[in-house]
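Colleague: I am new to reading models like this one, and I would like to know where the words come from. Could we look at it together and ask what lies behind each label?

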Amino acid sequence: MRVLLTGGAGFIGSHTAVALLERGHEVIVLDDFSNSSREPIRRVEELCGKQVTLHIADLTNAASTQKVFASESIDAVIHFAGLKSVGESVRDPLLYYRTNLMSTMVLLETMALAKVKKLVFSSSATVYGVAKDVPVSESSEVSYRLSNPYGQTKAMIEQIIRDAVVADSALQIAVLRYFNPVGAHTSGRIGEDPKQTPNNLLPFVSQVAVGLRDFVSVFGGGYDTPDGTGVRDYIHVMDLAEGHLAALAHLKSGVSTYNLGSGIGSSVLDVINTFSRVANRAIPYEVVAAREGDVSCSYADVTKATRELGWSTHRTLEDACRDAWRWQSGNPHGYASQASPRGVLAVSS
Ligand code: WQD
C-alpha cells in the first residue's frame with residue numbers, strides 16, 4: 001500500500017515508517033517540521049535502503065494539503081501530526097485546539113475530496129482521564145472533562161471521527177489509544193528527540209543517564225502502588241509501530257478503537273532501576289510532590305487488539321530501556337548531535 005504519514009518525521013511516525021518500509025509498503029510523509037526535522041527521514045531511508053516521499057506542508061492549510069493528495073496516489077493515511085505536550089497545552093490551549101482540531105478536519109475533508117477511505121488515528125490513553133479501574137479497557141468511559149487541553153483534543157477528534165463515519169459509511173477508520181510509548185529502534189539511529197525539557201519520564205531518565213541533567217524528580221512517592229510511585233503501561237515504540245500495521249491490515253467499515261499497550265504496569269522506580277541496569281550507571285533521583293492531574297496507576301487491557309488485530313507486544317521494558325540508551329548514548333543531543341566521538345557507549349546486555 002501507499003501510506004501517507006502525517007507527522008511522519010516525529011517519534012512514533014518515523015518508527016512506523018521503518019516498520020511499513022520493511023514490509024514492502026511505500027511511505028509518503030507530510031510534516032511541517034515544527035517539532036522535527038529532515039534528519040529522521042534521512043536515517044529511515046538509510047536504515048531501510050528505500051526512499052521516502054517527503055512533503056513539507058502545514059496540515060492546517062487546506063490548499064497545501066490538497067496539493068499533496070493531488071500529487072500522490074494514496075491508499076491509506078496514518079494521522080500522527082499534532083501538538084502533544086500536556087503542560088504546553090495548559091499554558092496555550094487555543095494553539096492546541098486550533099492546531100490539533102483544524103489539522104484533523106482539513107485531513108478528513110481532503111481525504112473525502114480525494115476519495116481516500118482508510119485512516120488510522122493516533123489517539124491516547126489520556127482520553128480515559130482518571131480511569132476508574134485498571135486494567136483500562138476500550139469500554140472504559142472517555143472523559144470529556146480532562147485535566148488538559150491536549151487530552152481534550154484527542155477526545156474531540158475521536159468524536160469528529162465517529163460523526164464522519166456516520167456521514168460516510170465507506171470510511172474505514174481505526175482509533176489507536178497509546179499508553180506510554182518508550183524506547184527506540186534497535187539500531188540506535190532513530191529515537192525520541194524532545195525539543196524542550198522532556199515532560200515524559202523515559203526521555204528525562206535517559207538525559208540524566210547521558211549527563212545532560214543532574215537527577216530525576218520522581219513525582220510522588222505516596223501513591224497506593226507497590227513502591228508508592230506512579231504506575232504506567234510502557235510500550236516499546238516498535239511494538240507500537242507494528243500495532244499500526246496490524247490496524248491497517250484489519251481496517252473495516254466504520255470506526256474501531258483499540259488500546260495499544262503492553263498490559264503490564266511498571267512504576268517510576270522500576271523504570272529508573274531498569275534503565276540504570278542497562279546503562280550500567282547510577283541514575284540519581286529525588287522524590288518530590290505528585291504532579292497535578294496525574295493518576296496513580298494506569299495500564300491497558302489489550303485483549304481487544306490481540307483478538308481482533310492478532311497483535312500484542314513482545315518487547316519488554318528492559319528492551320525499551322536498552323534501545324533508548326543505545327539511541328541516547330549514540331546521539332547525546334538527539335538528531336542535532338554530531339557523531340559521538342566515542343561511538344555508542346557500552347550497552348550492557
Ligand atoms: C509517567 C510517570 C509521572 C516525568 C503522558 C500523557 C499521555 C502520553 C504519555 C502523549 C508518571 C512520572 C514523569 C518525570 C516522574 N503522551 N514522572 N518524573 O503522564 O503517564 O502520560 O505521556 O500521548 O497523553 O498524558 O507519562 O511519562 O509524563 O509520566 O516521576 O520527570 O512518570 O508522574 O507517574 P503520562 P509521563
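Modeller: Here are some questions about the labels, each answered with its cut-off.

Modeller: This is a predicted model, in which local features need pLDDT of at least 70 and side-chain atom pairs count only at pLDDT 80 or more, while totals for chains, interfaces and linings use all residues. Residues are numbered from 1 along each chain as its sequence is written, and side-chain values use heavy atoms, with hydrogens and water left out.

Colleague: Let's start with the ligand. Which residues come nearest to the ligand?

Modeller: Tyr150, Leu201, Ser217, Arg232 and Asp294 do, out of 17 residues around the ligand. A residue is near a molecule or strand if one of its heavy atoms lies within 4 Å of it.

Colleague: What makes the pair of Tyr150 and the ligand a polar contact?

Modeller: A polar contact is a pair of N or O atoms within 3.5 Å; within protein, one must be able to donate a hydrogen and the other to accept it, and residues adjacent in sequence count only if both atoms are side-chain atoms. A polar side-chain atom of Tyr150 is 2.6 Å from a ligand oxygen atom, so the pair falls within the limit. For Asp294, an N or O atom of the side chain is also 2.6 Å from an oxygen atom of the ligand. For Asn180, the distance from a polar side-chain atom to a ligand oxygen atom is 3.0 Å. Overall, the protein covers 89% of the 690 Å² of accessible area that the ligand has on its own. That kind of area comes from the Shrake-Rupley method with a 1.4 Å probe; for residues, only the protein chains shown count as cover.

Colleague: How many residues of each class does the shell around the ligand have?

Modeller: Seven are nonpolar, seven polar and three charged. Here Ala, Val, Leu, Ile, Met, Phe, Trp, Tyr, Cys and Pro count as nonpolar, Asp, Glu, Lys and Arg as charged, and the others, Gly among them, as polar. The largest share of the shell, three residues, comes from strand β8 (residues 216-219). Helices (H or I, at least four residues) and strands (E, at least two) are DSSP runs, numbered from the N terminus.

Colleague: Why is Cys48 called buried, and why is Cys297 called partly exposed?

Modeller: Buried means under 20% relative accessible area, exposed over 50%, and partly exposed in between (1.4 Å probe, protein chains only). Cys48 has 18% relative accessibility, so it counts as buried. Cys297 has 22%, so Cys297 counts as partly exposed.

Colleague: Why does Cys297 not form a bond with Cys321?

Modeller: A disulfide is a pair of cysteine sulfur atoms within 2.5 Å. The closest cysteine sulfur to that of Cys297 is in Cys321, 18 Å away, so a bond is ruled out by distance. A search of the whole structure finds zero disulfides.

Colleague: Why is strand β1 (residues 2-6) called largely enclosed?

Modeller: Five of its five residues are buried, so the rest of the structure largely encloses β1. On one side are Arg2, Leu4 and Thr6, on the other Val3 and Leu5, and all are buried.

Colleague: What makes β1 and β2 a pair?

Modeller: Two strands pair if DSSP finds at least two bridges between them. β1 and strand β2 (residues 26-31) have five bridges, in the parallel sense, so they meet that rule. One of the partnerships joins Leu5 to Val29 in β2.

Colleague: How many residues of strand β6 (residues 172-178) are buried?

Modeller: Seven of its seven, and the strand is mostly covered. β6 runs parallel to strand β5 (residues 118-124), with seven bridges joining them, and Ser122 has Leu176 as its bridge partner in β6. Seven bridges also join β6 to strand β11 (residues 254-260), again parallel.

Colleague: Why is Lys115 called exposed?

Modeller: At 65% relative accessibility, Lys115 counts as exposed. Lys115 sits in the loop between α5 (93-114) and β5, and its phi is near 55°, a positive value in a residue other than glycine.

Colleague: And why is Gln159 called partly exposed?

Modeller: Its relative accessibility is 30%, so Gln159 counts as partly exposed. Gln159 lies in helix α6 (residues 149-167), and a polar contact of 3.1 Å joins its side chain to that of Arg162.
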